[in-house]
Amino acid sequence: MTSTKRRRSPKPPWDPATQISVDHRSPVPLYYQVASQIEEAIDSGALPVGARLDNEVDLAAQLGLSRPTVRQAIGSLVDKGLVVRKRGAGTQVVFNRVKRSLELSSLFDDLSRIDQQPTTKVLVNEIITPSPEIAHILGISEQDKALHLQRVRSARGEPIARMQNYLPAGLIEPDDDLLEERGLYQLLRAAGVQLHAAHQTIGARVATETEAELLDEPAGAALLTMERTTYDQSGKVVEYGSHVYRASRYSFDLSLRGDT
C-alpha cells in the first residue's frame with residue numbers, strides 16, 4: 001500500500017489591492033491608512049524582507065488614490081527604514097522589526113510598586129483643540145477636543161520625569177488634586193476604560209533649558225524619551241504620551257526571552 005503526501009498550496013503573495021482597505025470618511029489621513037497597513041504586513045511577515053511593492057503609479061491605480069497620497073505613504077515607510085525605493089522596480093522591503101511586549105503600566109504604578117513614594121506636580125490640565133498631528137494620533141478630527149496634561153513626577157522628593165499626555169476629551173475629567181494622588185492609568189481604569197495594548201518608542205536626546213530646570217539637571221543633560229500610544233480593546237486610541245526621563249536617575253529595564 002502506497003501513500004502519497006499532499007503538497008500544501010503555496011501561500012498567495014500579499015496583494016495591496018485586496019489587503020489594503022481605505023476609508024475616505026475617516027478623519028485619519030489616507031496616506032497614514034495605507035502606510036500603517038503596509039507596516040502591519042511587514043511586521044507580521046506577510047511582506048517579508050526582499051518583497052516588492054508595485055511602483056507608486058500602479059499602486060495608486062490599484063487603491064483608487066492619488067499618486068501624491070501613495071508617495072507620502074511610501075515616504076513615511078522609507079523614513080522609518082522599513083522599505084527602499086528602487087528606480088523602475090517599485091519599493092522593496094528591507095527591514096522588519098521584532099517586537100517585544102512591555103508591561104502596560106504607568107510610571108506612578110511602577111514607582112509605587114518599588115516603594116519610591118511617587119509625587120506629582122501638575123503643570124497643565126486643560127481641554128484644548130489639538131494640533132493636526134495630535135488629532136491624527138488620537139484618531140479624532142481637528143474640530144474635536146482633547147485633554148492635555150503635563151506633569152512632573154518625582155520619586156522620594158526628587159524629580160525624575162516630565163510627562164505630557166493627550167487624551168480624547170470625555171474619557172476622564174480629573175482635577176489637579178486627583179492627578180497628584182493617582183496615576184493616569186488608574187484613573188482610566190476607574191472610569192471603565194480597558195487598556196488593551198500600546199505601541200511604545202524609546203529614545204534619547206539632550207534636555208532643553210526648561211526641561212533641565214524642571215528636572216533639576218544642567219541644560220544639555222542626557223534624557224531618555226518615551227512615546228506611547230495606548231489602545232482599548234476595540235482598537236481606539238485612549239491616550240498618547242510623550243515623556244522625558246532623567247538618564248542619571250532612570251532607566252528602562254527590558255527582559256527578552258530566547259528560544260525554548
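Q: What makes the 21 residues around W14, V34 and I38 count as a nonpolar core?
A: In this predicted model, the largest nonpolar core has 21 residues, with W14, V34, I38, I42, L47, I74 and V83 making the most contacts inside it. The label applies because such a set must be buried and joined through side-chain atoms within 4.5 Å.

Q: Which helices feed that core, and which gives the largest share?
A: At least two residues come from each of α2 (30-44), α3 (56-63) and α4 (67-79). The largest share, five residues, is from α2.

Q: Why is there talk of another core?
A: A set of 13 residues, including V122, L149, L167 and L195, lies apart from that one. Cores are sets joined through side-chain atoms within 4.5 Å, so a set lying apart gets its own entry.

Q: What does V83 touch, leaving aside its neighbours within four places in sequence?
A: V83 is in contact with I42, I74, L77, V78, T91, Q92, V93 and V94. Each counts because it has heavy atoms within 4.5 Å of V83.

Q: How do you know whether the span of α2 is close to the expected one?
A: Helix α2 has 15 residues, and its first and last C-alpha are 21 Å apart. The yardstick is 1.5 Å times one less than the number of residues, and that gives 21 Å for α2, so the two are close.

Q: Which residues of α2 are called buried, and why?
A: They are Q33, V34, A35, Q37, I38, E39, A41 and I42. They earn the word because each has under 20% relative accessible area. Right after α2 comes G45, with a positive phi near 95°.

Q: What makes β4 and β7 edge strands?
A: The open sheet has six strands in the order β4-β5-β6-β9-β8-β7, with antiparallel pairing. Both β4 (118-128) and β7 (195-206) pair on one side only, and that puts them at the edges. Ignoring direction, neighbouring strands here are turned by 15° against each other on average.

Q: How do you know that β5 and β6 pair?
A: Pairing takes at least two bridges found by DSSP. Strands β5 (146-155) and β6 (158-168) have 10 bridges in the antiparallel sense, so they qualify. One of the bridge partners in β6 is P168, matched with A146.

Q: How much of the protein chain is called buried?
A: Of its 260 residues, 40% count as buried. The chain has nine helices and nine strands, and its accessible surface is about 15,700 Å², with 47% belonging to carbon and sulfur atoms.

Note on methods: Residues are numbered from 1 along each chain as its sequence is written. This is a predicted model: local features need pLDDT of at least 70, side-chain atom pairs count only at pLDDT 80 or more; totals for chains, interfaces and linings use all residues. Side-chain values use heavy atoms; hydrogens and water are left out. Buried means under 20% relative accessible area, exposed over 50%, partly exposed in between (1.4 Å probe, protein chains only). Helices (H or I, at least four residues) and strands (E, at least two) are DSSP runs, numbered from the N terminus. Axes are lines fitted to C-alpha atoms, for helices over the stretch in contact, and angles run from 0 to 180 degrees between N-to-C directions. Accessible areas come from the Shrake-Rupley method with a 1.4 Å probe; for residues, only the protein chains shown count as cover.
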